[in-house]
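I opened this notebook to record a few lookups, taken one residue or topic at a time. The structure goes here, and the entries follow below.

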Amino acid sequence: MIANDLYQFVSYCKKIQPQTQQDIKQFFEGVLLFPYDNELLLQAYLFLNIKSLFPYCHELLLFEKSPIADYTDLGKCDFVYLTLKGNLFLIETKFIDTVAKGATERKRRNKHRNKVFEQVITLKNRFSEYWDIRLDQLECGVFTTDPEVDWRGNGVNVVTQSITIENLERWRKNYRKNNYT
């Protein structure tokens, strides 16, 4: 990807996601007031704490959009950030219920762990093919509520971060108390 290609991609992103960073922040802060969706709560945490989780992420370009024009059947990427180095960073999130017990729940957790890595790696390859971006200019991350995924990214070149469900809920309550009282 050359600088002009990056400019074209950033222009494309601004057309399909014209909201400012402040607008997006207000959206995610609103999620904290009405936490009806655990995945969205996890995404709010990620957005509002991006610098501590993935410090090289500079500007959010896309959120919950298909990076491949209008082909949502090819998958949507949870977050696409422009990095400080001028690369693109794709992040997939997954709220994984680590509290539920039993063999079925263990299988479900393992399926979710595998799926989130599969999603981000598949999106990276599709992104590269569609936008003609070199793979070394695309970085990937996974953010979940399951610390078990932290080591899984090592062999597949995916940066992993996690927060426990308990800490996520504690953060939500403290954020609301500190910002809305």
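**Entry 1: Ile-50**

I began with Ile-50, which I found in helix α4, the run of residues 50-53. The model I am reading is a predicted one, and I keep that in mind for every value noted here. Is Ile-50 buried or exposed? Its relative accessibility is 9%, and because buried means under 20%, I entered Ile-50 as buried. Leaving aside residues up to four places away in sequence, I listed Pro-55, Cys-57, Tyr-81 and Ile-91 as the residues that Ile-50 touches. I also looked up the separation between Ile-50 and Asn-154, which lie 104 residues apart along the chain, and noted 20 Å between their C-alpha atoms.

**Entry 2: Thr-93**

Next I turned to Thr-93, whose place is in strand β3, spanning residues 88-94. The relative accessible area of Thr-93 is 2%, so I wrote this residue down as buried. Which side chain makes a polar contact with the side chain of Thr-93? I found that of Glu-39, at 2.8 Å. Glu-39 also appears in the list of residues that Thr-93 touches, together with Leu-42, Gln-43, Leu-46, Asp-78, Phe-79, Val-116 and Phe-143, where residues up to four places away in sequence are again not counted.

**Entry 3: Cysteines**

I then asked how many disulfides a search of the whole structure finds. The search returned zero. Cys-13 is in no disulfide, and the nearest cysteine sulfur to that of Cys-13 belongs to Cys-77, 10 Å away. Cys-77 is likewise in no disulfide, its nearest cysteine sulfur being that of Cys-140, at 8.1 Å. For the reasoning I needed the cut-off here: a disulfide calls for two cysteine sulfur atoms within 2.5 Å, which is why the pair at 8.1 Å is not entered as one. On accessibility, I noted Cys-13 as buried at 0%, and Cys-77 as buried with a relative accessible area of 1%.

**Entry 4: Tyr-36 and a surface patch**

Last, I looked at the surface, where Leu-33, Phe-34 and Tyr-36 make a nonpolar patch of about 380 Å². Where is Tyr-36 found? I placed Tyr-36 in the loop between α2 (21-33) and α3 (38-48). The relative accessible area of Tyr-36 is 65%, and since exposed means over 50%, I recorded Tyr-36 as exposed.

Key:
Residues numbered from 1 in each chain as written. Predicted model: local features only at pLDDT ≥ 70, side-chain atom pairs only at ≥ 80, totals over all residues. Heavy atoms only, no water. Patch = residues over 30% accessible without salt bridge, like charges linked within 9 Å, V, L, I, M, F, W, Y side chains within 5 Å. Areas by Shrake-Rupley, 256 points an atom, 1.4 Å probe, with all protein chains shown as cover. Salt bridge = Lys/Arg side-chain N within 4 Å of Asp/Glu carboxyl O. Helix = DSSP H or I, 4+ residues; strand = E, 2+ residues; numbered from the N terminus. Buried < 20%, exposed > 50% of the residue type's maximum accessible area, 1.4 Å probe, protein only. Polar contact = N/O pair within 3.5 Å; in protein donor to acceptor, adjacent residues only side chain to side chain. Contact = heavy atoms within 4.5 Å.
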